[in-house]
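User: I should like to learn how to read the nonpolar interior of a protein model. Could you take me through one case?

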Amino acid sequence: MQMAMSTQLIPFTSTPRQGQLINLNFPNKSLTITRCVIRNSDVHTSETQRLVHHFNPKTPIEEAVTPPTSWYTDPSFFHLELDRVFYRGWQVVGSTEQIKDPRDYFTGRLGDVEYVVCHDDSGMVRAFHNVCRHHASLLAYGSGKKSCFVCPYHGWTYGFNGALRKATRISGMRNFNDFGLLPIKAATWGPFVLLNLEKENVSQKEADSHNVSKEWLGSCSEVLSSSGIDSSLSYVCRREYTIECNWKVFCDNYLDGGYHVPYAHKGLVSGLKMDSYSITMFEKVSIQSCEGSSEKNEENYDRLGRKAIYAFIYPNFMINRYGPWMDTNLVVPLGPNKCKVIFDYYLERSLKNDRDFQEKSLRDSEKVQIEDIVLCEGVQKGLQSPAYSVGRYAPTVEQAMHHFHCLLYENLTK
């Protein structure tokens with residue numbers, strides 16, 4: 001049973017360090033309130049802010065230069081991004097397939113935030129900071145199914161509602177109050193699980209899929225739903241790639257309007273009509289689309305279909321819908337020069353038992369990913385060279401990339 005407590009809030013103005021857990025000890029020593037501070041903008045120097053302004057979002061794309069190399073290589077800039085971009089707003093962290101049954105869970109890390117997402121016995125999706133409240137041990141690892149969370153360090157035990165069920169060997173401890181897990185607001189949209197590190201106290205009504213879609217997807221949520229991006233597909237598999245490049249390099253590569261496809265993806269370009277390529281921008285989403293080639297053989301045509309849609313959802317999530325397939329790319333920043341990209345594959349249910357078709361399609365996809373990894377790692381090396389400082393945009397194809405950089409600037413200057 002979750003411990004009950006009654007509180008009277010008292011103003012608190014101390015400035016903690018980033019990620020600090022704050023204990024508010026009241027004079028009567030009868031109560032402790034704990035909250036989690038994810039960010040502290042004061043830790044960022046004026047020099048880092050100066051780097052942000054090396055890009056001017058008001059310059060028309062025909063005249064604009066790209067963000068400078070410091071945006072892709074500077075450690076202080078990377079930490080500013082965590083603070084201003086990833087610790088704010090809704091962030092995709094996984095698939096509902098990972099927590100489809102009660103007591104399923106998965107863990108992850110975003111910046112300095114360790115989290116655990118679970119499906120409780122009442123059917124709710126919940127998320128918590130994956131840190132034991134006793135001495136900060138990570139509580140759970142990987143993914144799977146549990147009846148409760150037991151800390152591997154000293155055995156403190158928590159329910160799937162976050163309540164502390166058992167604290168071992170605490171006889172003699174005074175003024176011990178609610179030490180349950182610190183919550184993170186969780187929501188789902190279609191087959192995707194999202195977290196919002198800012199909204200620990202938001203109501204469940206505010207976190208329902210309709211309200212989340214308005215905040216996360218804006219006016220294009222219906223466009224995505226009508227394009228077959230929904231929960232009706234069958235989950236196939238997950239693949240992960242650790243890439244030696246800044247997370248934005250991977251996003252930029254995705255957002256160049258198919259510019260690199262004829263040169264880097266010879267197999268893929270044969271199945272697309274590149275002259276049909278189009279790009280549409282929304283508030284925080286850009287959608288690229290391209291028709292399938294009528295000259296493909298029947299086997300390949302079934303994989304790519306008549307039209308491919310590539311949706312980029314700011315800041316780091318991509319949805320690719322083509323033929324009977326949907327795959328998603330989640331770009332997780334690991335450092336100034338490293339990221340992890342998580343691919344989840346979904347397929348129309350009528351083909352879920354066609355193993356030959358699946359295996360050939362996944363091999364084709366794998367080939368494209370390896371080609372992109374080579375490109376992205378080569379770009380990162382070039383960004384670190386003294387020969388390069390800024391670049392230019394190809395105005396007819398790289399509008400989505402420019403849009404991405406403008407959104408980043410907006411977040412980083414708030």
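Analyst: We shall consider the nonpolar cores and then one helix. Please note that this is a predicted model.

User: Which residues have the most contacts inside the largest nonpolar core?

Analyst: In soluble globular proteins, nonpolar side chains tend to be buried together. Here the largest nonpolar core has 69 residues, and Val117 and Ile243 have the most contacts inside it. Helix α11, residues 399–412, gives the most to this core, with 8 residues. Apart from this core lies another, of 25 residues, including Phe192 and Leu233.

User: What is Ile243 in contact with, leaving aside its neighbours within four places in sequence?

Analyst: Its partners are Phe250, Asn337, Lys338, Cys339, Val341, Ile373, Cys376 and Glu377.

User: Phe250 belongs to helix α6. How many residues of α6 are buried?

Analyst: Buried means under 20% relative accessible area. In α6, which spans residues 247–254, 8 of 8 residues are buried. Among them are Trp247 and Phe250, but also Lys248 and Asp252.

User: Which residue caps the N-terminal end of α6?

Analyst: Asn246 does so, with a side-chain oxygen 2.9 Å from the backbone nitrogen of Lys248.

User: Where does α6 meet α11?

Analyst: For a pair of helices, one may consider the axes and then the residues that meet. The axes of α6 and α11 come within 9 Å and cross at roughly 145°. From α6, Trp247, Lys248, Cys251 and Asp252 meet Met401, Phe404, His405 and Leu408 of α11. The residues of this contact comprise 5 nonpolar, 1 polar and 2 charged.

Key: Residues numbered from 1 in each chain as written. Predicted model: local features only at pLDDT ≥ 70, side-chain atom pairs only at ≥ 80, totals over all residues. Heavy atoms only, no water. Core = buried A, V, L, I, M, F, W, Y, C linked by side-chain atoms within 4.5 Å. Buried < 20%, exposed > 50% of the residue type's maximum accessible area, 1.4 Å probe, protein only. Helix = DSSP H or I, 4+ residues; strand = E, 2+ residues; numbered from the N terminus. Contact = heavy atoms within 4.5 Å. Polar contact = N/O pair within 3.5 Å; in protein donor to acceptor, adjacent residues only side chain to side chain. Axes fitted to C-alpha atoms, helices over the stretch in contact; angles between N-to-C directions. Nonpolar A, V, L, I, M, F, W, Y, C, P; charged D, E, K, R; others polar.
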